[in-house]
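Open the model in your viewer and keep the sequence panel beside it. This tour tells you what to select at each stop.

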Amino acid sequence: MVEPRSAILQGTLDLMVLKTLEQMGPLHGYGIARRIEQVGGQAVIVNQGTIYLCLVRLLQKRWISGKWGTSENNRKAKFYAMTKAGRAQLKAETENWERISGVIGRVLRPDGGPPAEVPATGLPGALAKVKG
């Protein structure tokens, strides 16, 4: 059976982009989107318009920087890299995600029983893989 693909939860794309840049180094927007989808086992859809809006937002917040270069297929592309402020934000966002996901887990399992079966390619698992 084919796993359904899901849109990314609001507020999680910044975290996934920052983590991807931390792990992979400078990448262009298309490369970031494909990497998130790859690590997420193709269970997450990263819309091209959404990724570029995210990158603009992260640039404005100075969490990433952008520099023009040439892509692997010899096209002009903007490559994005994390800044020092981006590293600090990634740390804060990661801690917040872990806290929130713990709360959600406790709400879903109020009796403390075993977790409900989550597909290996579901969003929380995808984030864990992106997180490394």
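## Stop 1: helix 1

Select helix 1 and look for its buried residues: L13, D14, L15, M16, V17, L18, K19, T20 and L21. You are looking at a predicted model. Nine of the twelve residues in helix 1 are buried, so the rest of the structure largely encloses this helix. Now check its length. At 1.5 Å a residue, the twelve residues should span 16 Å, and the end C-alpha atoms are indeed 16 Å apart. Step past the end of the helix to G25. Its phi is positive, near 80 degrees.

## Stop 2: the whole chain

Zoom out and color by secondary structure. The protein has five helices and five strands. From the N terminus on, they run β-α-β-α-β-α-β-β-α-α. Color by burial next: 36% of the 132 residues count as buried. Then turn to contacts between residues at least 6 apart in sequence. Of these, 59% join residues at least 24 apart. How many aromatic pairs does a search of the whole structure find? The search finds zero.

## Stop 3: helix 3

Select residues 48–60, which form helix 3. Its 13 residues should span 18 Å at 1.5 Å a residue; the end C-alpha atoms lie 19 Å apart, which agrees. Show the side chains of I51, C54, L55 and L58, which are buried. Look down the axis of helix 3: the buried residues fall within an arc of 100 degrees, so they line one face of the helix. The spacing has a general background. An α-helix has 3.6 residues a turn, so residues three or four places apart point the same way.

What covers the buried residues of helix 3? Display helix 1 (13–24), helix 2 (29–39), strand 4 and strand 5, which are among the covering elements. Then rotate to the face turned away from the buried side. There you meet the exposed residues L53 and Q60.

Now visit the two ends. At the N-terminal end, N47 caps helix 3, with a side-chain oxygen 2.7 Å from the backbone nitrogen of G49. After helix 3 comes R62, with a positive phi near 65 degrees.

## Stop 4: S71 in its loop

Select S71. It sits in the loop between strand 4 (64–70) and strand 5 (76–82). Is S71 buried or exposed? Its relative accessibility is 11%; S71 therefore counts as buried, the limit being under 20%. Show the side chains of S71 and N73 and draw the distance: a polar contact of 2.3 Å joins them. Leaving out residues up to four places away in sequence, S71 touches H28, A77 and F79.

## Stop 5: K76 and W68

Move on to K76, in strand 5. With 67% relative accessibility, K76 counts as exposed, because exposed means over 50%. Where does K76 lie relative to W68? K76 is over the face of W68, at 5.1 Å from the ring centre. Beyond residues up to four places away in sequence, K76 touches W68 and G69.

For a last view, draw a C-alpha to C-alpha line from K76 to H28. The two are 48 residues apart in sequence and 9.9 Å apart in space. H28 also appeared at the previous stop, among the residues that S71 touches.

Methods: Residues are numbered from 1 along each chain as its sequence is written. This is a predicted model: local features need pLDDT of at least 70, side-chain atom pairs count only at pLDDT 80 or more; totals for chains, interfaces and linings use all residues. Side-chain values use heavy atoms; hydrogens and water are left out. Rings of Phe, Tyr and Trp (its six-membered ring) pair if their centres lie within 6.5 Å; planes under 30 degrees apart count as stacked, over 60 as edge-to-face and the rest as tilted. A charge sits over a ring if NZ of Lys or CZ of Arg is within 6 Å of the ring centre and within 35 degrees of the ring normal. Helices (H or I, at least four residues) and strands (E, at least two) are DSSP runs, numbered from the N terminus. Buried means under 20% relative accessible area, exposed over 50%, partly exposed in between (1.4 Å probe, protein chains only). A polar contact is a pair of N or O atoms within 3.5 Å; within protein, one must be able to donate a hydrogen and the other to accept it, and residues adjacent in sequence count only if both atoms are side-chain atoms. Contact means heavy atoms within 4.5 Å. The expected span of a helix is 1.5 Å times one less than its number of residues. The arc is that of the directions from the helix axis to the C-beta atoms.
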